[in-house]
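Let's take a walk through a protein together, one piece at a time. Keep the picture at hand and turn it around as you read.

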Amino acid sequence: MPDQRSARPKVIVTRALPDGASDRMIELFDTVLNRDDVPMPRAALAAAMADCDVLVPTVTDSIDGALIAGAGPRLKLIANYGAGVNHIDLKAARARGILVTNTPGVLTEDTADMTMALIVGVPRRLAEGEKLVRSGAWTGWSPTAMLGHRIGGKTLGIVGMGRIGQAVAARARAFGLTIHYHNRHRLPGVLEAQLGATWHAELDEMLEAIDILTIHTPRNADSENLIDARRIGLLRPHVYVINASRGGILDEEALVDALEAGRLAGAGLDVWKHEPAIDPRLLALPNVVMTPHMGSATFEGRAATGAKVIANIRVWADGHRPPDQVLDGWV
């Protein structure tokens, strides 16, 4: 941390934030905002990092090693607006003495709600039904029309049982789903009992036993393409796959191949590896529900995220360790 830290550090924000967060930052710091709300080109990111004490990026900014290596000497804090930090080269930041913070916990309930909406909406064909009504082609109720599957009594497999995974499990149990999970570490027995959750030490073993799969693990080197073609092949043909975590954990090409071949029943996706670009084959599949990375998109969640960013900057500016510093080994 710098000894000459300013009481009003220069803070550059890469995207337009909700008014409350932006206004408060202007009050507290020497703040430069991106009011156009379009991702900064790489050259603009480099210029920002050369001329600020604190950078506030989002998931749309790729802060790689080259950008960090070219950062100015005054940049000492990257206060990420969001929980995931897979878009930031943490090792390069650490080597340059730049702290990285995130905003954990504030989006748990929102993301769990969106996940549950997909878990219900895909088997019940809600998106297909909505499109049918809007098309004007609906001719009325029929005993055999728009048949889907109930989720009560089915088995939900959760990959990653952190805050969000646990919140999804609590919701799913209320819908009558049986909970299975794979996690690096097993939950305490009391929590397992509370959630009615069964741990699988081996992911492959769990995949063979479930009816719905939902992914809630951070994206990193270990989880890249974690659900690949081989593991998709372990899923039974009636299984639905849900991903509201991060693109790149699920092998999208293998997923599409399985869906087109009828080896999976459907999918609900809120994230993609190369978003906003989406495989055109996915767009053509009626049994895939797609939402525009809106799992955390609530007024309440965005405001809470901004508040955490501000708190991290203020604590750092006061010469203390930020509460949400991303530590070595965080993934």
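Before we start, one bit of vocabulary: helices here are DSSP runs of H or I with at least four residues, strands are runs of E with at least two, and both are numbered from the N terminus. With that settled, look at G319, just after helix 13, which takes a positive phi of about 90 degrees. Keep in mind throughout that this is a predicted model.

Now back up into helix 13 itself. This helix covers residues 299-317, which makes 19 residues. From first C-alpha to last, helix 13 reaches 27 Å, close to the 27 Å expected at 1.5 Å a residue. Which of its residues are buried? The buried ones are G301, T305, G306, V309, I310, N312, I313, W316 and A317. Their cover includes strand 1, strand 3, strand 4 and strand 5, along with helix 1 (19-28) and helix 5 (108-121).

R302 also sits in helix 13, but R302 counts as partly exposed, because its relative accessibility is 25% and buried means under 20%. Not counting residues up to four places away in sequence, R302 touches P18, Y81, S296 and A297. Try finding S62 as well: R302 and S62 are 240 residues apart along the chain, yet 20 Å separates their C-alpha atoms.

Several of those covering strands belong to a sheet. In this open sheet, five strands line up in the order 2-1-3-4-5, with parallel pairing. At the edges you'll find strand 2 (30-32) and strand 5 (99-101), each pairing on one side only. From one strand to the next, the twist averages 20 degrees. Zoom in on strand 3 (residues 54-56) and strand 4 (residues 77-79): they run parallel and are joined by two bridges. Here L55 stands opposite I78 in strand 4.

Next, pick out K10 in strand 1 (residues 10-13). Is K10 buried or exposed? K10 counts as buried, because its relative accessibility is 15% and the cut-off for buried is under 20%. The K10 side chain makes a polar contact with the side chain of D51, at 2.5 Å. Leaving aside neighbours within four places in sequence, K10 is in contact with D30, V32, D51, C52, D53, V54 and R74.

There's another sheet to explore. Seven strands form this open one, again with parallel pairing, in the order 8-7-6-9-10-11-12. Strand 8 (197-199) and strand 12 (288-290) each have a single partner strand, so one side of each is left without a neighbour in the sheet. The twist here averages 15 degrees from one strand to the next.

Let's follow strand 7 (residues 178-182). Four of its five residues are buried, so strand 7 is largely enclosed by the rest of the structure. Five bridges link strand 7 to strand 6 (residues 155-159), and the two run parallel. Along this pairing, I158 stands opposite Y181 in strand 7. Strand 7 also pairs with strand 8 in the parallel sense, over three bridges, and there H180 has T198 as its bridge partner. Lying across strand 6, strand 7 and strand 9 is helix 7 (residues 163-174), which runs at about 170 degrees to strand 6.

What about the inside? In soluble globular proteins, nonpolar side chains tend to be buried together. The largest nonpolar core in this model has 27 residues, and L213, L255 and L264 touch the most other members. Helix 9 (203-207), strand 9 (212-215), helix 11 (252-260) and strand 11 (266-269) each supply at least two residues of this core. Helix 11 gives the most, with five. Apart from this core lies another, of 23 residues, including A112, I119, V168 and Y181.

Finally, a few oddities in the backbone. Most residues other than glycine have a negative phi, and most peptide bonds are trans. R125, in the loop between helix 5 and helix 6 (126-135), has a positive phi near 60 degrees. M146, in the loop between helix 6 and strand 6, has a positive phi near 50 degrees. As for the peptide bonds, a cis one joins E275 and P276, with omega about 10 degrees. You'll find P276 in the loop between strand 11 and helix 12 (280-283).

Terms used
Residues are numbered from 1 along each chain as its sequence is written. This is a predicted model: local features need pLDDT of at least 70, side-chain atom pairs count only at pLDDT 80 or more; totals for chains, interfaces and linings use all residues. Side-chain values use heavy atoms; hydrogens and water are left out. Two strands pair if DSSP finds at least two bridges between them. Axes are lines fitted to C-alpha atoms, for helices over the stretch in contact, and angles run from 0 to 180 degrees between N-to-C directions. Buried means under 20% relative accessible area, exposed over 50%, partly exposed in between (1.4 Å probe, protein chains only). A polar contact is a pair of N or O atoms within 3.5 Å; within protein, one must be able to donate a hydrogen and the other to accept it, and residues adjacent in sequence count only if both atoms are side-chain atoms. Contact means heavy atoms within 4.5 Å. The expected span of a helix is 1.5 Å times one less than its number of residues. A nonpolar core is a set of buried Ala, Val, Leu, Ile, Met, Phe, Trp, Tyr and Cys residues joined through side-chain atoms within 4.5 Å.
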